[in-house]
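I opened this entry to look up the pockets. I wanted volumes, linings and the parts of the chain behind them.

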Amino acid sequence: MSGKIPITVARGDGIGPEIMDATLHIILEAGAPIEPEFIEIGEKVYLAGHSAGITDDAWESLRRTKVFLKAPITTPQGGGFKSLNVTTRKTLGLYANVRPAVSYHPFVPTKHPGMDVVIIRENEEDLYAGIEHQQTPDVVQSLKIISRPGSERIARFAFEYARQYGRKKVTAFTKDNIMKMSDGLFHEIFREVAKEYPDIEAEHWIVDIGMAKMADTPENFDVILMPNLYGDIGSDITAQIAGSVGLAGSANIGDHAAMFEAIHGSAPRRAGQNLANPSGLLHGAIMMLVHIGLNETATLVHNAWLKTIEDGVHTYDIARGGPSVGTKEFAEAVVQRLGEKPQQLKAVDYGKNTVGGEGGPLQKPMPLTLSKSYNPKRELNGVDVYMYNTELSPEELGKKLEELAGPEFKLTVISNRGVKVYPEGFPETFLSDNWRCRFEAREPGTATRAGIRALLERLENAGLEWVKLDNLYLFDGQLAYSLDQGQ
Ligand code: NAD
């Protein structure tokens, strides 16, 4: 090897090859000691029969270099093709999605001239676990999974990111007024981790009003931490209102590898015409340079890019009818400005190189100390039995289940779509065919698995059809499950 840092590079589809060539040209001219290894991904690979759009050789390179600079790809129309982004993210465990959204006023039009926020989105959990079931003809369920280690890892990542990039505040968005357990855990862990970073301000907003404020006065935010779904939506909002969807880059970071890209797609209609703006991918590449410890090259490239934008050298998408240059000419203009700094826009400084040393803090696995020290006493307290029922009224079902509950359990509540319907439900409540029947131990924490099996057998013998179970636990003596609306 040449002593250079190997990185895996995919030139992608559509405008991908042009913007990748431009990006590599700029960072190599800036002196980045990298050795690109090119892999084939995307449309051709899909059409050759690899349903995930990537080959085994490509995985070998990715696992070895651990750094992936990826141009956008075209996902062929029609079924059977899996999203390459989701596959890469899940296979390599890229748990943190980082998306800076910056406005470049007055050079790129925006309603938010002072905007400079970074969204940190948890990338693996939440509703994106993709665990869905149709339980009954009426009801489909999607599981929202939030884990303690997953929340700790991403919260630490957000604070480490803030420190590494000299940011002052981390704001978490959750909906823990409604999802008290899942979003509540994410929030609680955020609060705990924040205590270890007294130099960084921590705040929390309920996601609805938080996002409204973010869209209205983004200059009041700095780093924003969100669970997966809110982060997906929120990061598109911030990119759009910064006025720079075509300029934004994104990093996906895990303990074993990291992937860097533009947030836009392969824009097939613009392909092969030397029109596309390479800036989004270049911003992804700048994040990559910092990630691999080439901070000084990142500073050099980023400042040259800012100066280029400031000098009015724009590709068609941001020229808005004014004079514009092509992809190659834009890249050349950035190369010519290497060593220069912007006059009006804020210059960046990523500090000294860390390559050869220990690497930046974001390259290391985040310690999971809070999760590891959590060891609650667990006691079985009962079971929620979901039943398919289209015949019995709430009263009839309730009376029948009370008889079947047996000596170990009492039927405490029946709910339908989360609303209590027995005892004492309201006739106005809409009833689906899916009923959640809660059996709790007569003495707290004394339920047994054998007791649950016997209960299920009694239900079946009485001609009732159960479709799903959730065990009910006490954790350190506290109810580890939610109450129903109206309970
Ligand atoms: P797109 O982002 O490719 O294009 C949207 C619009 O923005 C188009 O008008 C396009 O011309 C313009 N645009 C995008 N990037 C530009 C650039 N760098 N310079 C100048 N103009 C640019 O979105 P789309 O049209 O919805 O999707 C096209 C293809 O890209 C689809 O096959 C889609 O699946 C794929 N896609 C890939 C990724 C990825 O690989 N990460 C992300 C999104 C979409």
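My notes on two pockets follow.

**Model.** I am working from a predicted model.

**Largest pocket.** I looked up the volume first. The largest pocket holds about 2100 Å³ of space. I then asked which residues lie closest to its centre. They are Met-179, Met-181, Ser-182, Arg-436 and Ser-482, out of 46 lining residues. Next I listed the elements that give two or more residues to this lining. There is one helix, α6 (182-194). The strands are β7 (140-142), β13 (378-388), β14 (409-416), β16 (434-441), β17 (465-475) and β18 (478-479). Which element gives the largest share? I found β17, with six residues. By class, I noted 20 nonpolar, 14 polar and 12 charged residues in the lining of the largest pocket. I also checked domains. Domain 2 (111-242) and domain 3 (376-479) each supply at least three residues to this lining.

**Second largest pocket.** I read off a volume of about 820 Å³ here. The lining of the second largest pocket has 32 residues. Closest to the centre are Val-102, Asp-116, Arg-167, His-302 and Val-348. Two strands, β4 (96-102) and β5 (116-122), give two or more residues each. So do the helices α5 (148-164), α9 (279-291) and α10 (295-310). I sorted this lining by class and got 18 nonpolar, eight polar and six charged residues.

**Placement.** Where does the second largest pocket lie? It lies between domain 1 (1-93 + 243-362) and domain 2 (111-242), because both give residues to its lining.

Note on methods: Residues numbered from 1 in each chain as written. Predicted model: local features only at pLDDT ≥ 70, side-chain atom pairs only at ≥ 80, totals over all residues. Heavy atoms only, no water. 1 Å grid on protein atoms, 1.4 Å probe; cavity = no way out; pocket = protein on both sides within 12 Å on 5 of 7 lines; lining within 4 Å. Points joined across faces, edges and corners; volume = space filled by probe spheres on them. Helix = DSSP H or I, 4+ residues; strand = E, 2+ residues; numbered from the N terminus. Nonpolar A, V, L, I, M, F, W, Y, C, P; charged D, E, K, R; others polar. Domains from an automatic or database assignment.
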